[in-house]
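Welcome! Below are some worked exercises to try with the sequence and the 3D view side by side. Attempt each task before reading its solution.

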Amino acid sequence: MRRRQFLKMSCVLGAGVALCGLGVDLVPIEAWAEEIKKIDRLKSARQTTSVCCYCSVGCGLICATDEKTGKIINIEGDPEHPVSEGSLCAKGAGMFQTTEANEHRLTKVLYRAPNSDRWEEKSWDWAIDRIARLMKEERDKSFITRNAAGQVVNRLETLAHMGSSNLDNEECWSITAWARSLGLVYIDHQARV
Amino acid sequence: MADGKSILVDVSRCTGCRGCQVACKQWNGLPGTRTKQTGTYQNPPDFSHQTFKVVRFADGKDKDGKPYWHFFSDMCRHCMNPPCLAGAQGDEMIHDEATGAVVYTEGTSKSDFEMSLSVCPYDIPRQDPDTKVMYKCTMCFDRITSGLPPACVLSCPTGAMVFGERDAMLAEARRRVDILKKTWPKAQALNADDVRVIFIVTDDPLKYHKYAAGV
């Protein structure tokens, strides 16, 4: 059994056990969660410490997972964390929005065609194929091996990569490494905006 | 009753990061509000029934032409003698004895909102247009009665906001004002004897916000 299969298996088992423990009907649990005040749910919640993913300061977080629903109900600064002592900036303080509790999170690929004024739902396969195709075509066409002085530069000046302010530190690193490997020199993200 | 709790907001330490504003929304489960770019970092532009905390950004030029850019993390002051409570008939507002927090309940839907707003020196209460319930900062009443600091105070990365026993906060306010006065002669704690949320400013309060020091 490969690790991934094992993980999948244990997830299924875990979910099964959780369902048995709670009874199959999940509606009362949701009702429970709605009725009980957040602060009371917080007191009985499982607390897990984590680190804010955004910048290199590395502020500490406490994630509170509801004991009955198994969902994260709150994320706030960890007062015992040596770096941040509980504080968080606007990005870290909004960390809870990255959980599934945020109804505005996109769950499907949205595509706006050139000159179109509307978004269309697309599959991941379609989107990744299209991105890869366009990038390869552009790179094959415009890749610069040597500059005017004859020096090897291996760069691509007609493509830029714009990241998102919701990328974490490690994602930024991976994307930068990947973009440079293609020869991109214009790499930025909008965290400063 | 002991002297209850207080929040100290030393705006000389504020960097305008708005972590407090987001933490307030996050803890209270309040949605974002649709706003427009108004040429300032202040956003949302004002309090609403869904916004209890706003970092106000004020910029301009002093008489000598020197530019200033002030941040003011505005919120309910939780007055020692809340004028908004004066007209309260029954259960629409709570003035908690142990902490001193002023908390509105759903009973405010029957209150005279215009009156409550007009008597508030700091222009704080806001009304839900649909339910007519009045909303404002609760000093995180649920948190402070469970041993946690208010969400905004916990989040503050620079220590501009501090929460604690009122005596200790008053002493800390005096200590900080004494230090600040050496650099900014206008440094002062705004209405420290009358409110529980004490702002320390380093300039004329009117330069921060129209109602920074009350009407």
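**Exercise 1.** Find the bridge partner of A:Thr48 in β2(A), then work out how the surrounding sheet is put together.

Solution.
- Step 1: A:Thr48 has A:Cys63 as its bridge partner in β2(A). Strands here are DSSP runs of E with at least two residues, helices are runs of H or I with at least four, and both are numbered from the N terminus.
- Step 2: Look for another pair in this strand: A:Arg46 stands opposite A:Thr65.
- Step 3: Now take the strands as units. β1(A), residues 46-51, and β2(A), residues 60-65, run antiparallel and are joined by six bridges. Two strands count as paired if DSSP finds at least two bridges between them.
- Step 4: Widen the view to an open, antiparallel sheet of three strands in the order β1-β2-β3 (chain A). Because β1 and β3 (72-77) of chain A stand at the edges with a single partner strand each, one side of each has no neighbour in the sheet. On average, neighbouring strands of this sheet are turned by 25° against each other, direction ignored.
- Step 5: Check how covered β1(A) is. The number of buried residues among its six is zero, so the strand lies largely in the open. Buried means under 20% relative accessible area, exposed over 50%, and partly exposed in between, with a 1.4 Å probe and protein chains only.

A note before you continue: this is a predicted model, in which local features need pLDDT of at least 70 and side-chain atom pairs count only at pLDDT 80 or more, while totals for chains, interfaces and linings use all residues. Residues are numbered from 1 along each chain as its sequence is written, chains are lettered from A and ligands numbered from 1 in the order in which they are written, and side-chain values use heavy atoms, leaving out hydrogens and water.

**Exercise 2.** Describe the sheet formed by β6, β7 and β8 of chain A, and the helices that pack on it.

Solution.
- Step 1: The sheet is open, with three strands in the order β6-β7-β8 (chain A) and mixed pairing. β6 (144-146) and β8 (184-189) of chain A are at the edges with a single partner strand each, so one side of each is left without a neighbour in the sheet. From one strand to the next, the twist averages 25°.
- Step 2: Strand β7 (residues 152-163) of chain A runs parallel to β8(A), joined by five bridges. The bridge partner of A:Gly163 in β8(A) is A:His189.
- Step 3: Add the helices. Helix α6 (residues 169-181) of chain A packs on the sheet and touches β7 and β8 of chain A, its direction making about 160° with that of β8(A). Contact means heavy atoms within 4.5 Å. Axes are lines fitted to C-alpha atoms, for helices over the stretch in contact, and angles run from 0 to 180 degrees between N-to-C directions.
- Step 4: Helix α5 (residues 124-142) of chain A lies across β6 and β7 of chain A, at about 150° to β7(A).
- Step 5: Set this within the chain: the secondary structure of chain A comes to six helices and eight strands, and buried residues make up 26% of its 193 residues.

**Exercise 3.** Is strand β3 (residues 67-74) of chain B largely enclosed or largely in the open?

Solution.
- Step 1: Count the buried residues: six of the eight, so β3(B) is largely enclosed by the rest of the structure.
- Step 2: Find the partner strand. β2(B), residues 54-61, pairs with β3(B) in the antiparallel sense over eight bridges. B:Asp59 stands opposite B:Trp69 in β3(B).
- Step 3: Inspect the turn. The two strands, β2(B) and β3(B), form a hairpin with five residues between them, and B:Gly65 in the turn has a positive phi of about 85°.

**Exercise 4.** Where does B:Asp128 lie, and is B:Asp128 buried or exposed?

Solution.
- Step 1: B:Asp128 is in the loop between β6 (126-127) and β7 (134-135) of chain B.
- Step 2: The relative accessibility of B:Asp128 is 12%, so B:Asp128 counts as buried.
- Step 3: Leaving aside neighbours within four places in sequence, B:Asp128 is in contact with B:His49, B:Val133 and B:Tyr135.
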